[in-house]
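Colleague: Thanks for sitting down with me over this model. Could you put it on the screen so that I can ask how you arrive at your labels?

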Amino acid sequence: MRPLVTAVVVLLAATGCAADSGGRATLRVLADAALAEVFADLTAVYHQHTPHVAFRLDVGTRDLADEVEHADVVATSDTASLEPVRKDLGTPHIVASNALTIAVAPGNPQKLTGVRSLSRQKLRVVLGTSVGPLGRYSREVLTKAGVPVRIRSEEVDSRAVLSLVRAGRADAGLVYITDMKTAGAAASSVAIPAVFNVKALFPVAPVAGSRHLPEATAFVAWLTGAEARALFHKYGFQAP
């Protein structure tokens, strides 16, 4: 498994700094790697509408139990990820959904035709770790299809899986459909039929102990509305 990697983006109000002053609030948002681009856009748009609310966006794979007390909003790729910290959160809202696809090298040189092709013995297949959202969804797909797979490695999240495929260190990997938008010409994909696929749900919740609970709750509520829905759609996500 690769080490955890966290990307940090800090968005500040047009005036002032990260420290709260003059009624301003800076919300720390913990978001799954699959939400990196769309949440950068969502927080920027919300800040334009609500200038007194700025964001510190922490994107990556982490143990929520270790960090939730220092956050204001949590956004994950499945509801199971919230269970260990459910008592620390306000009401979760499902803001988007997704599905899986098979990432392969450009042009699909292994000539994979679907999920059952993953059972080939010499194929280098990578999946998300079994304790993470992507890994849980991936194993659900394989179970539905009745496909035994020899796993080359397990990675912390979808971006790590995609990176191995893009680098030529894996022949195939299960990732979210939305991840392929970040791959460009460095990877192709093979569709997974709906009968074997999953509906990946993305919940977001305010942290109950946040010093800025009203602002955090308002932001989460905005994520369920039409403007946020359009931004999710822009990045390939579907309605819940």
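Colleague: Where does Thr-76 lie, in terms of strands and loops?

Modeller: Thr-76 sits in the loop that runs between strand S4 (73–75) and strand S5 (93–98). Strands are DSSP runs of E with at least two residues, helices are runs of H or I with at least four, and both are numbered from the N terminus. Before we go on: this is a predicted model, in which local features need pLDDT of at least 70 and side-chain atom pairs count only at pLDDT 80 or more, while totals for chains, interfaces and linings use all residues. Residues are numbered from 1 along each chain as its sequence is written, and side-chain values use heavy atoms, with hydrogens and water left out.

Colleague: Why is Thr-76 called buried?

Modeller: Buried means under 20% relative accessible area, exposed over 50%, and partly exposed in between, with a 1.4 Å probe and protein chains only. Thr-76 has 5%, so it is buried.

Colleague: What makes the link between the Thr-76 side chain and the backbone oxygen of Asp-78 a polar contact?

Modeller: The distance is 2.9 Å. A polar contact is a pair of N or O atoms within 3.5 Å, where one must be able to donate a hydrogen and the other to accept it; residues adjacent in sequence count only if both atoms are side-chain atoms.

Colleague: Which residues does Thr-76 touch, leaving out those up to four places away in sequence?

Modeller: Among them are Asp-32, Leu-64, Ser-81 and Phe-202. Contact here means heavy atoms within 4.5 Å.

Colleague: Which residues of helix H7 are buried, and how do you know that they line one face?

Modeller: In H7 (residues 226–234), they are Ala-228, Leu-231 and Phe-232. Seen down the axis of H7, they fall within an arc of 100°, so they line one face of the helix. The arc is taken from the directions from the helix axis to the C-beta atoms. The buried residues of H7 pack against helix H1 (36–49), S5 and helix H6 (213–222).

Colleague: What does the face of H7 turned away from the buried side carry?

Modeller: That face has the exposed residues Ala-226, His-233 and Lys-234. After H7 comes Gly-236, with a positive phi near 95°.

Colleague: And which residues of H6 are buried?

Modeller: Ala-216, Phe-219, Val-220 and Trp-222 are buried in H6. Down the axis of H6 they fall within an arc of 160°, so these too line one face of the helix.
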